[in-house]
Amino acid sequence: MSPPALESRPFYPILYTALGMGLSYYGGALLPFHWAAALLTGFLVFSVILLSFFVTLSFLPFDSPPPLVLRSALALGAGVLGLALGFGPGRGTQNLALGLYPDRIQAIQGVLLEDPRTLQGGSGLGTLELSHSYGQGGLRASARGRLRVFFPPQALPQLREFGRGAFIYVEGTLSEGSQGPAFNARSLHVQNPAPALEQFRSRVRMGLLGLFQREGQTPPWGALASALLLGVRDDLDADLALAFRNAGSSHILALSGMHLAVITGLLALILKKPLGAPRAALAGALFILFYVFIVGPQPSLVRALIMYLIGCIALWGFLKPHLLSLLAMSFIIQILVQHDSGLSVSFILSYLALLGILVLGTRIQALFKGRVPALVSASLGASLGAFLFSAPVVAYYFGTLRPIGILAGLALAPLSTIFMILAILSLGLGAAGVSLLDPLMELLYGLIGTLASLGARAPGIYTPRPLLVLAVCLFVYTLIHLLSLWDQKQRNKLAAFA
């Protein structure tokens, strides 16, 4: 069977809207304002002229309007819309204003935007939405924007008690690091507790974490379960986290679509038969919204949430369920709603990895179809596709690639999925005061740790030139694309001969 002709292939203008939005969003954030505005204005003028030409052609008395003309007009119009949508949020990411000279700032004040994370050494890291900055002699100035704050270890219990949304006053010094300005706190004062809804969230979150404790302590497997289900790595063994990173599988520890898929899969298994698929999807959407509210709006998790919600709308018949278009819609919505998150590494890697799975992973899976078991080809295609699309960004930010992750993920991802399912069951049993699964959880935890340690022994590749990595990835992608076309022709010949 030959590939479908151009005219019969699905056409989704939303893909071009997302592409245009990405160009203006990241260009607007990286370029000076006058250069970004000039380039955007020039491109818009050129696009309007070209769009007018295509529209004029589409109204000429052809017997049948050329599909390429109509598609080009729609694609160009969608791209121009994306450029307009992305420019404002891209500029909005550069809105940090401290109010005072950095070397004079002695304290800051604002709202805690996220649950503080525990770092190695016991200190914490969080983000403040600034309201004021303070200097010597009681000097006070209005401030705005988001600033990373490093908290002392003794402040973390107080922050966890009052939770995300608390209004705090922090004393310390401002410093400039490789990732931008940050505030090193010496002490803090909680001036107003979090709103009632946020306090409820903190109680639920701490209660769930408590279900993994045994005799007041969190066992090693409980710390891994807390990381995989709730995104809390405070008690996670540092050697295990390092092993995951050196094995190229640290993405497994970050809440994302894989973790959401486990939860939604269990919900579908429980609810599909009594409720039916559409109602089960709606119930699942409500539960997932509550889940993301509890664990926090991490960029990769929000991306998975938006895609799930759009997928539910498609299931009800309002949209066509096309994964690339769902990814594009998710990108547009998330940039508009969470425009600051678009520049985070986790956001970029999350979208690139899934794009690689959808674009390249399916081609790799088709190449191995009938030659290796379907489960292996699907896993290998997903791992290789995600690696090739995200490798240039990893090289740029971290300087080292871990190709072993392509293979290590084949074992660690399914084992972590099984571990998560058992951890969810353990939560239910723990609420009833039963710990029957503890020996099995310990055994599975040890197996995951052993495999991660084995993968971590493989050396990484030092990559000081991200552009070279990009060129190599483009070459490999082109090679796989050509191989898939050749393979399709060979299969078509065999099918015709048969």
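These notebook entries record what I looked up in one predicted model.

**Entry 1: confidence**

I began with the confidence scores of the predicted chain. The average pLDDT is 81, and 85% of the residues score at least 70. I then asked where in the chain confidence is lowest and where it is highest. The lowest value belongs to helix H2 (residues 33-58), with a mean of 61, and the highest to H15, with 93. For residues 1-8 the pLDDT is below 50, although this stretch has eleven contacts in the model beyond near neighbours in sequence. I noted a general caution: where pLDDT is low, the predicted coordinates should not be read in detail.

**Entry 2: the second largest pocket**

I turned next to the second largest pocket, which holds about 390 Å³ of space. Its lining consists of 16 residues. Which of them lie nearest the centre? I found Ile-263, Phe-287, Tyr-291, Ile-424 and Leu-427 there. Several helices contribute at least two lining residues each: H5 (196-210), H6 (220-230), H8 (257-275), H9 (277-295) and H14 (405-431). When I sorted the lining by class, I recorded 15 nonpolar residues, one polar residue and no charged residues.

**Entry 3: the largest cavity**

I then looked for cavities. A search of the whole structure gives one cavity of 30 Å³ or more. The largest cavity contains about 60 Å³ of space. I listed its lining as Asp-115, Pro-116, Leu-159, Arg-160, Gly-163, Arg-164, Ser-202, Arg-205 and Met-206. Helix H4 (156-162) and H5 are the elements that supply two or more of these residues. H5 gives the most, with three. By class, I recorded three nonpolar, two polar and four charged residues in this lining.

**Entry 4: Asp-115**

I followed one residue of the cavity lining, Asp-115. It sits in the loop between strand E1 (107-112) and strand E2 (117-118). Is Asp-115 buried or exposed? I classed Asp-115 as buried because its relative accessible area is 15%, and the cut-off for buried is under 20%. Leaving aside neighbours within four places in sequence, I found Asp-115 in contact with Leu-125, Arg-164, Arg-201, Arg-205 and Val-295. With Arg-201, the side chain of Asp-115 makes a polar contact of 2.3 Å. I also checked Leu-159, which lies 44 residues from Asp-115 along the chain; the C-alpha atoms of the two are 8.0 Å apart.

**Entry 5: Ser-390**

I looked up Ser-390, which belongs to helix H13 (residues 374-398). Its relative accessible area is 11%, so Ser-390 is buried. The side chain of Ser-390 reaches the backbone oxygen of Ala-386 at 2.6 Å. Not counting residues up to four places away in sequence, Ser-390 touches Leu-349 and Leu-352.

**Entry 6: helix H7**

I ended with helix H7, which spans residues 238-246. Which residues of H7 are buried? I noted Leu-240, Ala-243, Phe-244 and Asn-246. The buried residues of H7 pack against H6, H14 and helix H15 (438-456). I recalled that H6 and H14 also supply residues to the lining of the second largest pocket. I then examined the two ends of H7. At the start, a side-chain oxygen of Asp-237 comes to within 3.1 Å of the backbone nitrogen of Asp-239. Just after H7, Gly-248 adopts a positive phi of about 70°.

How values were computed:
Residues numbered from 1 in each chain as written. Predicted model: local features only at pLDDT ≥ 70, side-chain atom pairs only at ≥ 80, totals over all residues. Heavy atoms only, no water. 1 Å grid on protein atoms, 1.4 Å probe; cavity = no way out; pocket = protein on both sides within 12 Å on 5 of 7 lines; lining within 4 Å. Points joined across faces, edges and corners; volume = space filled by probe spheres on them. Helix = DSSP H or I, 4+ residues; strand = E, 2+ residues; numbered from the N terminus. Nonpolar A, V, L, I, M, F, W, Y, C, P; charged D, E, K, R; others polar. Buried < 20%, exposed > 50% of the residue type's maximum accessible area, 1.4 Å probe, protein only. Contact = heavy atoms within 4.5 Å. Polar contact = N/O pair within 3.5 Å; in protein donor to acceptor, adjacent residues only side chain to side chain. pLDDT = per-residue confidence, 0-100.
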